[in-house]
Amino acid sequence: MNEMILLKLGELVLKGLNRRSFEDKLQANIHRRLNGLGQFRVYTRQSTTYVEPMNADCDMDGAWEAMKKVFGVVGLSRARSCEKDKDAILAACREYLDSQLHSAKTFKVETKRADKTFPMTSIQVSQYVGGELHEAYDNLEVDVHHPELTVYVEIRDYAAFVHADPEPGAGGLPVGINGRAVSLLSGGIDSPVASWMIAKRGVALEMVHFFSYPYTSPEAKEKVLELARLLTPWCGRLTVHVVPFTAIQEELRRSCPEELFTIIMRRFMMRISQEVAKRCGAKALVTGECLGQVASQTMEAMNVTGAVAALPVLRPVVGLDKEEIVQIARKIGTFETSILPYEDCCTVFTPRHPRLRPILTEVEAAEEKLDVDAMVQAAVEGIERVQV
């Protein structure tokens, strides 16, 4: 029978009456990720989702790599199905896992019997298959505590499955099950990680990037679009809303106190992002702010920045230290792009002595000199939307 991929579900299995909606969203996401890799049948039984190729043209290696990045899956295995018969199970183990059985020195067999009508218990199946494999492979010794190879046997409703050690999945919840948010994407390390973390909680994303040409280069813009592309295997298709930000920054430099420049700039970012959220039906904003990392990320500064937002502001990395953020960036593949030496708009007109603990009333007084609504509207009307 065909090789297939078994996907073990995580938090989904804890859901109650709405569990079906989570499973349906997961299956829809899986189908999208498999697009272009061949025709697959995807179905869920007993807390496991099966990805079964329908013909020999399917790209199983490509499907395997794609499934590793599907949120909602906590573990996955490439498996061979067979009849629910002890000798058929043994034959499938010897045929499908032969190379691994030859290369390992120690092993054990672990059986899960979801079909309780099967005449043998899980222990009996493990003893039978393990004994026969031990006899057939001279290189193997049984080690039930720390085996080099674990042979898994799963006896389910419609078939039995054999596979070797599973790999961890992406975890979390299916993207889209918890609505949509707008993520402020810079060219740094933190914001792609924050986007990934909130997508892991089942949130579909729209990206906003603030571009200040000629102070920031086209290469800096392309760097951000590449970061978005690197996130798509995890987050699904993304739209990056590229906001022309030069006029706003130049006006702030002319009209606002230097020490408040960064705070007022970030308040404009929040206002513009909220307008984007209204247009695309998003219910929250996402930032890469980390408490105490820079002057604009003190508790007081974040309070003043967020005061202009009517939507919730989600800050997934707020309590992580830099090394923890870097580790996640390396894991998801964004780190090397994030550290490319191209400037972003946050480095334009950086004040020499930024206010660490701004006062809201003082910032609002400084903004009274500005035509805030007109500046926001002009920026929104100039947005370039890039699909990645």
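Student: How much space lies in the largest pocket?
Tutor: About 640 Å³ of space lies there. A pocket here is an open set of points on a 1 Å grid over the protein atoms alone, where a 1.4 Å probe fits, with protein on both sides within 12 Å along at least five of seven lines; lining residues have an atom within 4 Å of a point. This is a predicted model, where local features need pLDDT of at least 70, side-chain atom pairs count only at pLDDT 80 or more, and totals for chains, interfaces and linings use all residues. Residues are numbered from 1 along each chain as its sequence is written, and side-chain values use heavy atoms, leaving out hydrogens and water.

Student: Which residues are closest to its centre?
Tutor: Ser186, Arg266, Gln297, Asp344 and Cys346, out of 32 that line the largest pocket.

Student: Which element gives the most to that lining?
Tutor: Helix H9 (261-280), with four residues. Helix H6 (190-200) and S11 also give two or more. Helices (at least four residues) and strands (at least two) are DSSP runs.

Student: What about the second largest pocket, what volume does that have?
Tutor: About 380 Å³. Of its 17 lining residues, Asn29, Arg32, Cys235, Gly236 and Arg237 are the closest to the centre. Helix H1 (19-34), S11 and helix H7 (218-235) each supply at least two lining residues, and H1 gives the most, with four.

Student: New topic: how many disulfides does the count come to?
Tutor: Zero, where a disulfide is a pair of cysteine sulfur atoms within 2.5 Å.

Student: Why is there no bond at Cys82?
Tutor: Because the closest cysteine sulfur, in Cys93, is 7.3 Å from the sulfur of Cys82, too far for a bond.

Methods. Points joined across faces, edges and corners; volume = space filled by probe spheres on them.
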